[in-house]
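I have the model open and a fresh page in the notebook. Here is what I looked up, in the order I went through it.

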Amino acid sequence: MKLDSAPLDISGIFQAEIEPELKDSTDFNLTPAIALPVQSVVADSPQKQQSALSVFGTTFVTIFLAEIGDKTQLSTLLMSAESHSPWIVFVGSAAALITTSLLGVLLGSWIASRLSAKTVEKSAGVMLLLISLMLFWDIFTSH
Amino acid sequence: MDWHLLGLSFITVFLSELGDKSQLAAIALSGRCNSPRAVFFGAAGALLLTSLLGALAGGAVAELLPTRILKAIAAVGFAILAVRLLLFNNEPSADSEKTP
């Protein structure tokens, strides 16, 4: 009987003591060490531990695939085909693309600093969904 | 150095990219991640590669690559990213299980 109930009692005490201690300021030195690692593993790890490399890769691949055959590429093709110096066209368009990417990233970071994390995530999700729908629409209307 | 052509191509591409879906993607992706620099390099790199392919291959790009299929892959990819973000918002603890 005691063996069966002891673990439950211990876990009950463990949990009951954790919650009130978070509200107390006296034992504050002890509880963050116990509570925070659990929170960071659950809530932050999918997002913060997503390495810069995987972000780079995801961004690169998705934007690359989305831009193939896009109107920007087409206008670049037309200009380089009609001009006598396609490399100048490439340099000009490369500069413009870098500028617009920079503007996009700066704008995104600035907006993110003004809104709460949840709003940012929801807006980003909605925007990406819109882009996905725009791409599907592109596919079905262009051919 | 044909500055006129340089300026013309810059302006044309800039105006056509402003508010284009790749810029929207850059805005959306950089807002929520901790390394906007990675998003910038990924976006700029991808755009540079596509314009380089365009400059090199000319009109043959559309014929060599199955554009519709690539766009479909990209659309699905964006949709997956969007769904992850929207689901992650509602159930933070279950994200690792719901990620496809």
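The entries below go from confidence to helix packing and then to the chain contact.

**Entry 1: how far to trust it**

I reminded myself that this is a predicted model. I checked confidence in chain A before anything else, and found a mean pLDDT of 70, with 63% of its residues at 70 or more. Among the elements of chain A, I found the lowest mean pLDDT, 47, in helix H2(A), residues 31-48. H5(A) has the highest, at 86.

I then noted two stretches of chain A with pLDDT below 50. Residues 5-9 of chain A form one of them, and beyond near neighbours in sequence this stretch has 0 contacts in the model. Residues 35-48 of chain A are also below 50, and there I found 10 contacts beyond near neighbours in sequence. Where pLDDT is low, the predicted coordinates should not be read in detail.

**Entry 2: chain A in outline**

I listed 6 helices and 0 strands in chain A. From the N terminus on, I wrote the order as α-α-α-α-α-α. Of the 143 residues in chain A, buried ones make up 31%.

**Entry 3: H4 against H5 in chain A**

How do H4(A) and H5(A) pack, and at what angle? I read an angle of about 150 degrees between H4(A), residues 71-82, and H5(A), residues 86-114. Their axes are 8 Å apart. An angle over 145 degrees counts as roughly antiparallel, and therefore H4(A) and H5(A) are roughly antiparallel to each other. I noted their crossing as right-handed.

Next I wrote down who makes the contact. H4(A) brings Thr76(A), Met79(A) and Ser80(A), while H5(A) brings Pro86(A), Val89(A), Phe90(A) and Ser93(A). Sorting the residues of this contact by class, I got 4 nonpolar, 3 polar and no charged.

**Entry 4: H4(A) across to chain B**

I followed H4(A) over to helix H1(B), residues 3-17. This pair packs at an angle of about 165 degrees, with axes 9 Å apart. That makes H4(A) roughly antiparallel to H1(B). The crossing of H4(A) and H1(B) is right-handed.

On the H4(A) side I listed Lys71(A), Thr72(A), Ser75(A), Thr76(A) and Met79(A). They meet Ser9(B), Thr12(B), Val13(B), Ser16(B) and Glu17(B) in H1(B). By class, I have 2 nonpolar, 6 polar and 2 charged residues in the contact of H4(A) with H1(B). I put a mark by Thr76(A) and Met79(A), which I had already written down for the contact with H5(A) and which turn up again here against H1(B).

**Entry 5: a look at Ser16(B)**

Is Ser16(B) buried or partly exposed? I found Ser16(B) in helix H1 of chain B. Ser16(B) counts as partly exposed because it has 19 C-beta neighbours inside 10 Å, and 20 or more would be needed for buried. Leaving aside neighbours within four places in sequence, Ser16(B) is in contact with Lys71(A), Thr72(A) and Ser75(A).

**Entry 6: the whole A-B contact**

How many residues of chain B are in contact with chain A? I got 71 residues of chain B, in contact with 68 residues of chain A. On the chain B side, the elements giving two or more residues are H1, H2 (21-32), H3 (36-57), H5 (67-90) and H6 (95-98). H3(B) gives the most, with 18 residues. The chain B side divides into 41 nonpolar, 22 polar and 8 charged residues.

Technical notes: Residues are numbered from 1 along each chain as its sequence is written. Chains are lettered from A and ligands numbered from 1 in the order in which they are written. This is a predicted model: local features need pLDDT of at least 70, side-chain atom pairs count only at pLDDT 80 or more; totals for chains, interfaces and linings use all residues. Axes are lines fitted to C-alpha atoms, for helices over the stretch in contact, and angles run from 0 to 180 degrees between N-to-C directions. Helices (H or I, at least four residues) and strands (E, at least two) are DSSP runs, numbered from the N terminus. Angles under 35 degrees count as roughly parallel, over 145 as roughly antiparallel, 65 to 115 as roughly perpendicular and the rest as oblique. A crossing is left-handed if the near helix is turned anticlockwise from the far one by less than a right angle, and right-handed if clockwise. Two residues are in contact if their C-beta atoms, placed from the backbone, lie within 7 Å. Ala, Val, Leu, Ile, Met, Phe, Trp, Tyr, Cys and Pro count as nonpolar, Asp, Glu, Lys and Arg as charged, and the others, Gly among them, as polar. pLDDT is the predictor's confidence in each residue, from 0 to 100. A residue is buried if 20 or more other C-beta atoms lie within 10 Å of its own, exposed if 12 or fewer, and partly exposed in between; C-beta atoms are placed from the backbone.
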